[in-house]
Amino acid sequence: MSRRRIRLLILTGLLSIGGTLVLQLLWVRQAYDLNERQFNDRVVVALTEVVEEIQWMRGDLAVVDPVIQLASNYFVANINDTLHPFLLETLLEQAFAAVNLDQAIEYGIYDCFSDSIVYGGRLGADVVVAGGPSKAALPRFDRDGHYFGILFPEKTAGIVMSLKRWLLASILQLLVLGTFVYAVVLVLRQKRLSEVRDDFIANMTHEFKTPIATIEAAVRLLERDEVDGDASLRAKYRDLIGGENQRMRRQVDRVMEISTLDGGGNSDLKLERLDLLDIVRDAVGATEIFARDAEGEIRFDCKLAHAPVIADRVHLTNVLCNLLDNAVRYAEKSPRIAVELHIKNSPGEQGVWSVVVRDNGIGIPTEHLGRIFDRFFRVPTGDRHDVKGFGLGLHYVKSMVEAHGGTIRCESKPGFGSTFTVKLQKAPDA
Ligand code: ADP
């Protein structure tokens, strides 16, 4: 599928799902407002009923503006005289039942003679809760005369609960959006992988052609009689074959990197007891030719006689080849690469091999250091240099080192070079 079509598909999907979600949320908001208005109306009706009942019992005149809403969940009802809490509770229960309101309430009765709330209580959804609220909890209403205040502590939660079907629908919608976004990410990643693979296969067939043709020609030349007597010519062709062979090896390394794309698990590691010293020497030997091509050198310093390790020979050699290869590729001038192998014996790191690859290359800016082991990550360099790559080498290196139970670290200073340190556990004594 073309990029344009994928983009169009994603955009349409996002717009339609996102649009319905926004509409849904707007509806929920409207439904909430409507429910709240209905709730308030019912409270005013019920409290007006209570006030009228009290006035009627006492034979008093009707009160003007009997109910006032002071806050979203707090109402006060004006009365002409003091009131017994028991009577108030009974009337409240009846009035709220009549308008179908079964929320918990807290009430307080205000006495204007003592200028304080003289009684506070709490009515559950259908039971009177012992203890009641502290009298101070109900806000005072700055007014002359008697009144009682009613607070609905669970008003918002109650309204939200009455909208649960709407909310559930919105959550499902959100889930659909999440699944869509996740599917898009997977499709894009899959597309990137297949692009890299196609690119890679095209590159690789091209890159293999040259060494194969060169080796073929060199072998034919070596077969000629006149070469037999000329040692320097023989050495020249031998070097040519060796060089091209290493170039093909580099391509095989890339095949290994690609293989880590589908999970790169450690299931196919062929673990055996090896000498890390040999592995490092092999990797140095395989990369030396590229360093020499670039008029540089690789030095390997090691005072150890053996370095036993349990590892997969092919993958571990590739790990080191990759690091050395990068050290050569990302050099600004002639690459001077130093490789060291030590044993760590500090209390925290007993019997740990440390392989250090230090180069004098272009270095890696600090802000990118944390990402160099990520799949497909390449340090953006503008057009400062033209090193081809897929951003898979270091990802492969890290996955493999970790599959061997080891760690890898990089320190770098742009313009001065980079140092990669691989740590691997020493094999137990045989
Ligand atoms: P690539 O195939 O692009 O080289 P890698 O995963 O091997 O992929 O490296 C990721 C990026 O890290 C490279 O694009 C490069 O910018 C940076 N990098 C890796 N090794 C070195 C090094 N020795 N010196 C400087 N930069 C490096």
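These are my notebook entries on what I looked up in this structure, which is a predicted model.

**Entry 1: the whole chain**

I began with the secondary structure, and I found that the protein chain comes to 10 helices and 13 strands. I then looked up the radius of gyration, which is 40 Å, well over the 22 Å that the globule rule gives for 430 residues, so the chain is more spread out than a compact globule. The box that the C-alpha atoms fill, taken along the principal axes, is roughly 135 × 55 × 40 Å. Of the 430 residues, 43% count as buried, and the chain exposes about 24500 Å², of which carbon and sulfur atoms supply 56%. I also noted that, among contacts with a separation of 6 or more, 71% are accounted for by residues 24 or more positions apart.

**Entry 2: helix H4**

I turned to helix H4, which has 60 residues and covers residues 164–223. I wanted to know what span it should have, and at 1.5 Å a residue the expected value is 88 Å; its end C-alpha atoms are 86 Å apart, which agrees. I asked myself next which residues of H4 are buried. They are Ser170, Gln173, Leu177, Val184, Leu193, Val196, Phe200, Met204, Pro211, Ile215 and Ala218. These buried residues pack against helix H1 (3–58) and helix H6 (231–259).

**Entry 3: salt bridges**

I wrote down a general point before going on: side chains of opposite charge can pair when their charged atoms come close. The count for this model comes to 12 salt bridges, and I followed some of them up.

In one of them the side chains of aspartate 278 and arginine 281 meet, at 3.7 Å from N to O. I asked where these two stand along their helix. They are three residues apart in helix H7 (residues 276–293), and so about one helical turn separates them. In general, an α-helix has 3.6 residues a turn, so residues three or four places apart point the same way. Aspartate 278 counts as partly exposed because its relative accessibility is 36%, and arginine 281, at 46%, counts as partly exposed too.

In another, the side chains of aspartate 301 and arginine 299 meet at 3.4 Å, N to O. Aspartate 301 is partly exposed, with a relative accessible area of 42%, and arginine 299 is partly exposed at 45%.

I also looked at aspartate 374, which forms a salt bridge with arginine 371, their closest N and O atoms being 3.6 Å apart. Aspartate 374 is partly exposed at 33% relative accessibility, while arginine 371 is partly exposed at 44%. Elsewhere I noted that Glu106, Arg122 and Glu154 are joined into one network by salt bridges that share partners.

**Entry 4: positive phi angles**

I reminded myself that most residues other than glycine have a negative phi. Asparagine 100 is not a glycine, yet its phi is positive, at about 65°. I found asparagine 100 in the loop between helix H2 (85–98) and strand S3 (105–111), and I asked whether asparagine 100 is buried or exposed. Its relative accessibility is 64%, and therefore it counts as exposed.

Glutamate 295 is another residue other than glycine with a positive phi, here near 60°. Glutamate 295 lies in the loop between H7 and strand S8 (297–301), and it is exposed, with a relative accessible area of 63%.

**Entry 5: phenylalanine 373**

I found phenylalanine 373 in the loop between helix H9 (366–369) and helix H10 (393–403). Although it is in a loop, phenylalanine 373 counts as buried, since its relative accessibility is 12% and the cut-off for buried is under 20%. Which residues is phenylalanine 373 in contact with, leaving aside its neighbours within four places in sequence? They are Leu394, His395, Lys398, Ile408, Cys410 and Phe420. I also compared its position with that of glutamate 295: the two are 78 residues apart in sequence, and their C-alpha atoms are 28 Å apart in space.

**Entry 6: asparagine 326**

My last entry is on asparagine 326, which lies in helix H8 (residues 313–329). Asparagine 326 is buried, with a relative accessible area of 14%. I noted that its side chain makes a polar contact with the side chain of arginine 329, at 2.6 Å.

Terms used
Residues are numbered from 1 along each chain as its sequence is written. This is a predicted model: local features need pLDDT of at least 70, side-chain atom pairs count only at pLDDT 80 or more; totals for chains, interfaces and linings use all residues. Side-chain values use heavy atoms; hydrogens and water are left out. Helices (H or I, at least four residues) and strands (E, at least two) are DSSP runs, numbered from the N terminus. The expected span of a helix is 1.5 Å times one less than its number of residues. Buried means under 20% relative accessible area, exposed over 50%, partly exposed in between (1.4 Å probe, protein chains only). Contact means heavy atoms within 4.5 Å. A polar contact is a pair of N or O atoms within 3.5 Å; within protein, one must be able to donate a hydrogen and the other to accept it, and residues adjacent in sequence count only if both atoms are side-chain atoms. The radius of gyration is taken over C-alpha atoms; the globule rule is 2.2 Å times the number of residues to the power 0.38. Accessible areas come from the Shrake-Rupley method with a 1.4 Å probe; for residues, only the protein chains shown count as cover. A salt bridge is a side-chain nitrogen of Lys or Arg within 4 Å of a carboxyl oxygen of Asp or Glu.
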